[in-house]
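Hi,

Here is the structure I promised to pass on. Have a look at it first, and my notes on what I found follow below.

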Amino acid sequence: MRELIKNSRNLHMYRIIYGLFRHIGLIDLESLRKKLLPKLKGKVLDIGVGDAGNYRYYSKGAKVTILDFEKKMLELAKKTVSDKKNYTFIHADAQDLSMLKKSSFDAVVVVFIYCCSVKDSVAALKEAKRVLKKNGRMIVIAHVLSKNWLIKLHQYVMEPFSRLVIGSDMTRDTKSDILNAGFKIVEEHTTGWTDVFKVFIAKRK
Ligand SMILES: C[S@@+](CC[C@H](N)C(=O)[O-])C[C@H]1O[C@@H](n2cnc3c(N)ncnc32)[C@H](O)[C@@H]1O
């Protein structure tokens, strides 16, 4: 119960913070989901689902596997997903996807996980690469460490607060992690007026 309250509180804070970020023009998460997700076809793996914010943007034909290491978050996600026919829910850590077959997914979607909450993001990215088909695509929405010294300083100063309130790191170099895990980045977009919020589309090398 305490975990559920903690996770729900984190999720609540996450929604408030991203609502604020949208308001001040940093990132419009819903518009990004709407632009990127409906075109995904075949088998899709959604890692670190939260309360299934991506759900309403997947096409009806997609077969979506939803994965989270918090049972309570999966329960919340199950409540959100009303049409469960094309959905599978898996309780697992993103760093170990050994229950999933190699090269079995057409797309992997990861929204604010590798950049903030997974302990070893390169290990998790290597697992995503293993389960992704050769011609498949991984979509990562992430925040990264800014190159602007003032924003970077702000990120380092705010990190302890961010870890405490939403359990999130702010200073990771997710682009390097993606490359170090053996992906090739085919598209990179920056959203908003800073260089912090990014969309990476990557494929296996
Ligand atoms: C910021 S929320 C996710 C937001 C969600 N992807 C979205 O689209 O809004 C972080 C989620 O990742 C999950 N998570 C964190 N580390 C994980 C890991 N190592 N393996 C699987 N899930 C993880 C958390 O339980 C939580 O549900």
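Let me start with phenylalanine 112, which you'll find in the loop between β4 and α4. Keep in mind throughout that this is a predicted model. The phi angle of phenylalanine 112 is near 50 degrees, a positive value in a residue other than glycine. That caught my eye, since most residues other than glycine have a negative phi. As for its surroundings, phenylalanine 112 has a relative accessible area of 6%, so it is buried.

Serine 103 is another residue to look at for its backbone. Its phi is also near 50 degrees, again positive without being a glycine. Serine 103 sits in the loop between β3 (87–91) and β4. Is serine 103 buried, partly exposed or exposed? With a relative accessibility of 30%, serine 103 counts as partly exposed, because the buried class stops at under 20% and the exposed class begins at over 50%.

Now a step back to the whole chain. The protein chain has six helices and seven strands. Reading from the N terminus, the order is α-α-β-β-α-β-β-α-β-α-α-β-β. The radius of gyration is 16 Å, close to the 17 Å that the globule rule gives for 205 residues, so the chain is as compact as a globular protein of that length. Measured out along its principal axes, the C-alpha trace spans about 45 × 40 × 30 Å. Of the 205 residues, 49% are buried. Among contacts between residues at least 6 apart in sequence, 65% join residues at least 24 apart. The accessible surface of the chain comes to about 10,900 Å², and carbon and sulfur atoms account for 57% of it. On the charge side, there are 39 positive and 21 negative charges, and their mean positions are 5 Å apart.

Next, helix α4. This helix covers residues 121–131, and its buried residues are Ser121, Val122, Ala124, Leu125, Glu127, Ala128 and Val131. If you wonder about the spacing in that list, an α-helix has 3.6 residues a turn, so residues three or four places apart point the same way. What do the buried residues of α4 pack against? Their partners are three strands and a helix plus one further strand, namely β1 (43–47), β4 (105–111), β5 (132–143), α6 (174–180) and β6 (183–191). At the start of α4, a side-chain oxygen of aspartate 120 comes to within 3.3 Å of the backbone nitrogen of valine 122.

Two loop residues make a similar kind of link from side chain to backbone. Serine 146 is in the loop between β5 and α5 (149–166), and its side chain reaches the backbone nitrogen of asparagine 148 at 2.9 Å. The relative accessibility of serine 146 is 1%, so it counts as buried. Leaving aside neighbours within four places in sequence, serine 146 is in contact with Ile151, Lys152, Gln155, Asp195 and Val196.

The other one is threonine 194, in the loop between β6 and β7 (197–204). Its side chain reaches the backbone nitrogen of valine 196 at 3.2 Å. Threonine 194 has a relative accessible area of 10%, so it is buried as well. Which residues does threonine 194 touch, apart from its neighbours within four places in sequence? They are Leu26 and Ile151. Ile151 turns up in the contacts of serine 146 too, so it's a handy residue to display when you look at these two loops.

Alanine 52 is in the loop between β1 and β2 (63–68). At 4% relative accessibility, alanine 52 is buried. Its contacts, again without neighbours within four places in sequence, are Ala77, Thr80 and Val81. Alanine 52 and cysteine 116 are 64 residues apart in sequence, and their C-alpha atoms are 18 Å apart in space.

Lysine 79, finally, belongs to helix α3 (residues 71–80). Is lysine 79 buried or exposed? Its relative accessibility is 71%, so lysine 79 counts as exposed. The C-alpha atoms of lysine 79 and lysine 147 are separated by 40 Å, with their places 68 residues apart along the chain.

That's what I have for now.

Cheers

Definitions and conventions
Residues are numbered from 1 along each chain as its sequence is written. This is a predicted model: local features need pLDDT of at least 70, side-chain atom pairs count only at pLDDT 80 or more; totals for chains, interfaces and linings use all residues. Side-chain values use heavy atoms; hydrogens and water are left out. Helices (H or I, at least four residues) and strands (E, at least two) are DSSP runs, numbered from the N terminus. The radius of gyration is taken over C-alpha atoms; the globule rule is 2.2 Å times the number of residues to the power 0.38. Buried means under 20% relative accessible area, exposed over 50%, partly exposed in between (1.4 Å probe, protein chains only). Contact means heavy atoms within 4.5 Å. Accessible areas come from the Shrake-Rupley method with a 1.4 Å probe; for residues, only the protein chains shown count as cover. Lys and Arg count as positive and Asp and Glu as negative; His and the chain ends are not counted. The place of a charge is taken as NZ of Lys, CZ of Arg, CG of Asp or CD of Glu. A polar contact is a pair of N or O atoms within 3.5 Å; within protein, one must be able to donate a hydrogen and the other to accept it, and residues adjacent in sequence count only if both atoms are side-chain atoms.
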